[in-house]
Amino acid sequence: MPFGVNRDAAPWEGLLRALGMVFVFMGVIWLFWKHNQRTIEMLDSHQVVVDRGGLLTDAQKQSVRDLSRALKSSFGLDLRLVVSEDGLTRPQVDAKTIHIGIDPESEVFHVVLPPIVERALGQGFIRYLGEEHFAPYWASGNWQRGLGEALSLLWNALSSPEDEYGEYHHDKNEGPPGGGSYRGVVRDEGPGK
């Protein structure tokens, strides 16, 4: 009997065989779970960062993936970053995806936020990111740092709740290192307000 216990065997032999089978099944289930988790992370990483020119390091890509996971768990938002040297196409507005595109060759940066996030952050913040934030980084040639700072500003703006008057509280020392005019989250709803 290949799986059975002989009648002459010690009483603990049957228990050991049963425990062995349980451990084998648990090991197979654990390996299957780890494989699926790794596959999901790989698929997730391909969707989060699209680096067409290989301009970002693996550590920078991992940092963006970590931010994406934090945005997903904290706010239910997805993040998609496209880095390209051959032009950018503006993505469609999505109800829960933050699209960021950067073309260092043409010195173009754009961010497309879900409408609810755009309203929460205000047009002044979005205008600052799109028009002013990268100026010192383009000039110094350190656009990777500017991208990191932009992502940090975006996280801080989403994490900072407004008070009852609709104003953000921030540290007056906040700002990009080495220049820039950012003094915290800019709350400007455009002309007429």
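This report describes the helices, the nonpolar core, the surface and the salt bridges of one protein model, which is predicted.

**Helix 2 and its two sides**

Helix 2 comprises the 18 residues 58–75, and at 1.5 Å a residue it should span 26 Å, a value with which the 25 Å separation of its end C-alpha atoms agrees. Within this helix, Lys61, Val64, Arg65, Leu67, Ser68 and Leu71 are buried. These residues cover an arc of only 160° around the axis, and therefore they sit on the same side of helix 2. The face that is turned away from this buried side carries Asp58, Ala59 and Ser73, which are exposed. Just after helix 2 comes Gly76, which takes a positive phi of about 75°.

**The nonpolar core**

The largest nonpolar core holds 33 residues, and among these Ile98, Ile100, Phe109 and Leu147 touch the most other members. At least two residues of this core are supplied by each of helix 2, strand 2 (78–83), strand 3, strand 4, helix 3 (115–121), helix 4 (123–132), helix 5 (135–140) and helix 6 (143–159). Helix 6 provides the largest share, 8 residues. As a general background, nonpolar side chains in soluble globular proteins tend to be buried together.

**A nonpolar patch on the surface**

Nonpolar side chains are also found on the surface, where Leu15, Leu19, Val22, Phe23 and Met26 make a patch of about 500 Å². One of these residues, Leu19, is found in helix 1, which covers residues 11–48. Leu19 has a relative accessibility of 39% and so counts as partly exposed.

**Salt bridges**

A search of the whole structure finds 5 salt bridges, and the table lists pairs among them, with the separation of the closest N and O atoms.

| Pair | Closest N and O atoms |
|---|---|
| Asp51 and Lys61 | 3.8 Å |
| Arg69 and Asp66 | 2.9 Å |
| Lys72 and Asp78 | 3.1 Å |

Asp51 forms its salt bridge with Lys61. Because Asp51 lies in strand 1 (residues 49–51) and Lys61 in helix 2, this pair ties together parts that are 10 residues apart in sequence. Asp51 counts as buried at 16% relative accessibility, and Lys61, with a relative accessible area of 18%, is buried as well; the cut-off that applies to both is under 20%.

The pair of Arg69 and Asp66 is contained in helix 2, where the two residues are 3 residues apart, about one turn of the helix. Arg69 is partly exposed, with a relative accessible area of 34%, and Asp66, at 40% relative accessibility, likewise counts as partly exposed.

Lys72 and Asp78 belong, together with Lys96, to a network of salt bridges. At 39% relative accessibility Lys72 counts as partly exposed, and Asp78 is also placed in the partly exposed class, at 23%.

**A positive phi between two strands**

A further backbone feature concerns Glu107, whose phi is near 55°, a positive value in a residue other than glycine. Glu107 lies in the loop between strand 3 (97–103) and strand 4 (108–112), and its relative accessibility of 45% means that it counts as partly exposed. The two strands on either side of this loop are among the elements that each supply at least two residues of the largest nonpolar core.

How values were computed
Residues numbered from 1 in each chain as written. Predicted model: local features only at pLDDT ≥ 70, side-chain atom pairs only at ≥ 80, totals over all residues. Heavy atoms only, no water. Helix = DSSP H or I, 4+ residues; strand = E, 2+ residues; numbered from the N terminus. Expected span 1.5 Å × (residues − 1). Buried < 20%, exposed > 50% of the residue type's maximum accessible area, 1.4 Å probe, protein only. Arc of directions from axis to C-beta. Patch = residues over 30% accessible without salt bridge, like charges linked within 9 Å, V, L, I, M, F, W, Y side chains within 5 Å. Areas by Shrake-Rupley, 256 points an atom, 1.4 Å probe, with all protein chains shown as cover. Salt bridge = Lys/Arg side-chain N within 4 Å of Asp/Glu carboxyl O. Core = buried A, V, L, I, M, F, W, Y, C linked by side-chain atoms within 4.5 Å.
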